[in-house]
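Work through the exercises below with the sequence and the 3D structure in view. Try each task before reading its solution.

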Amino acid sequence: MKILITGGSGLVGGHLIPMLRKAGHEVLNLTTRKNPNGDQSGLRSFYWNPEKKEFPLQEVGQVDAVINLAGFSIAKKWSDENKKIMIESRLQSTELMVENIKKMALPPKVFVTASATGIYASSPMWQDESTLSGSGFLADLVRDWEKASEAIAQTSTRWVALRIGVVLDQHGGAAEKLLPFFKKGLGSAVGNGQQMMSWIHIQDLCRMILFSVENYNVKGIYNAVAPNPVTNAVFSRALAKSLKKPYFLPPVPGFFLKLIFGEMISMVLNSQRISSKKIEEAGFQFQFKEVDAALNNLFQP
């Protein structure tokens, strides 16, 4: 298949593009860098500018699938300026992509877009794709993001939105800010440590995106999380163990973290127990179902 991808230079895209190409797909990359020349492996890249509504429709030509990963990281400080960028980088890029898909003589077979479990409320109870969304900045952002992408469902293109949980990777995602402390043996839980974390190994996430592209029975919204969420304390202990470091410090109080990180600390203190049942029933099989195995794979030689 000929696949067009946005956000290819990000955490997920960096793992996903090689996987797509290894599977035999041709990948075209949209980038906001002017005069893109592609990488040494011959990846074809094209410039676009969602803010100015610039899209290389003629250069890209006809594609079989679109994967939308574009968006400014929500792990940045939630200042008013950054919030604005987080919103615009998602909505503008998604709206421009949908607009141009509708202009194609033959629409792509499938449009797979990133979403986030941040749409759900903080709760210790199981939540699935039918659960009502929560409130607050992140829930509102994800709800609007999904609404912008869902417009593609008005065409013949199959629409898939993957609500991504906490991504585990060696060089980014949830572990990036934690690793310096845990590697020094100073890692601990945060808040009361009992808030649930719904996580996913980076390889399983990329495999799920590929699965969504290739399987025509996958349509609509799916949670991109591993089957077994854990508490923050269990995750923290497992991370320390995978790094072969001690784990003895008491949890960091939530009020102290709020003073440092402000509103964005809700991403860590909120409790989310998200179900993966729907994507498993569609036929997807996880390689990493337990957090210990996932972290050991990432951090042990």
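A salt bridge is a side-chain nitrogen of Lys or Arg within 4 Å of a carboxyl oxygen of Asp or Glu. The model used here is a predicted one.

**Exercise 1. A salt bridge between two loops**

Task: Find how far apart the closest N and O atoms of Lys109 and Asp64 are, and state which parts the pair ties together.

Solution.
- Step 1. The closest N and O atoms of Lys109 and Asp64 are 3.1 Å apart. The cut-off is 4 Å, so Lys109 and Asp64 form a salt bridge.
- Step 2. Lys109 sits in the loop between helix H3 (80-101) and S5, while Asp64 sits in the loop between helix H2 (57-60) and S4. The pair therefore ties together parts that are 45 residues apart in sequence.
- Step 3. Residues count as buried under 20% relative accessible area, as exposed over 50%, and as partly exposed in between. Lys109, at 40%, is partly exposed. Asp64, with 23%, is partly exposed as well.

**Exercise 2. Two further salt bridges**

Task: The structure holds 8 salt bridges. Describe where the partners lie for the pair Arg163 and Glu146 and for the pair Glu281 and Lys277.

Solution.
- Step 1. Arg163 and Glu146 meet through their side chains, at 2.7 Å from N to O. This pair links distant parts of the chain, with Arg163 in strand S7 and Glu146 in helix H4, 17 residues apart.
- Step 2. Arg163 has a relative accessibility of 6% and counts as buried. Glu146 has 7% and also counts as buried.
- Step 3. Between Glu281 and Lys277, the closest N and O atoms are 3.9 Å apart. Both residues belong to helix H10 (residues 277-281) and are 4 residues apart, about one turn of the helix.
- Step 4. Glu281 and Lys277 are both exposed.

**Exercise 3. The sheet**

Task: Give the strand order of the open sheet of 7 strands, and name its edge strands.

Solution.
- Step 1. Strands of a sheet pair through backbone hydrogen bonds, either parallel or antiparallel.
- Step 2. The order here is S3-S2-S1-S4-S5-S7-S11, and the pairing is parallel.
- Step 3. An edge strand pairs on one side only, and this holds for strand S3 (44-47) and strand S11 (220-224).
- Step 4. From one strand to the next, the twist averages 20 degrees.
- Step 5. Strand S7 (residues 158-164) is joined to S11 by 5 bridges. Arg163 has Asn223 in S11 as its bridge partner.
- Step 6. S1 and S2 also pair in the parallel sense, over 5 bridges. Lys2 stands opposite Glu26 in S2.
- Step 7. Of the 6 residues of strand S2 (residues 26-31), 5 are buried, so S2 is largely enclosed by the rest of the structure.

**Exercise 4. Helices on the sheet**

Task: State which strands helix H4 touches and which strands helix H6 lies across.

Solution.
- Step 1. Helix H4 (residues 137-150) packs on the sheet and touches strand S4 (65-68), strand S5 (110-116), S7 and S11. The direction of H4 makes about 175 degrees with that of S5.
- Step 2. Helix H6 (residues 202-214) lies across strand S1 (2-6), S4, S5, S7 and S11. H6 runs at about 165 degrees to S7.

**Exercise 5. A covered helix**

Task: Determine how many residues of helix H7 are buried, and what they pack against.

Solution.
- Step 1. In helix H7 (residues 232-242), 8 of the 11 residues are buried, and the helix is mostly covered. Among them are Asn232, Phe235 and Leu239.
- Step 2. The buried residues of H7 pack against strand S8 (166-168), H5, S9, strand S12 (230-231), helix H9 (266-269) and helix H11 (291-299).
- Step 3. Take Asn232 as one case: at 6% relative accessibility, it counts as buried. Leaving out residues up to four places away in sequence, Asn232 touches Ala189, Val190, Gly193, Gln195, Met197 and Val268.
- Step 4. Just after H7, Lys244 takes a positive phi of about 60 degrees.

**Exercise 6. A nonpolar patch**

Task: Which residues form a nonpolar patch on the surface, and where is Leu186 placed?

Solution.
- Step 1. The patch is formed by Phe181, Leu186, Phe248 and Leu249, with about 410 Å² of accessible area together.
- Step 2. Leu186 lies in the loop between helix H5 (179-183) and strand S9 (196-197).
- Step 3. The relative accessible area of Leu186 is 44%, so Leu186 is partly exposed.

Methods
Residues are numbered from 1 along each chain as its sequence is written. This is a predicted model: local features need pLDDT of at least 70, side-chain atom pairs count only at pLDDT 80 or more; totals for chains, interfaces and linings use all residues. Side-chain values use heavy atoms; hydrogens and water are left out. Patches are made of residues with over 30% relative accessible area and no salt bridge: like charges are joined within 9 Å, nonpolar side chains (Val, Leu, Ile, Met, Phe, Trp, Tyr) within 5 Å. Accessible areas come from the Shrake-Rupley method with a 1.4 Å probe; for residues, only the protein chains shown count as cover. Buried means under 20% relative accessible area, exposed over 50%, partly exposed in between (1.4 Å probe, protein chains only). Two strands pair if DSSP finds at least two bridges between them. Axes are lines fitted to C-alpha atoms, for helices over the stretch in contact, and angles run from 0 to 180 degrees between N-to-C directions. Contact means heavy atoms within 4.5 Å.
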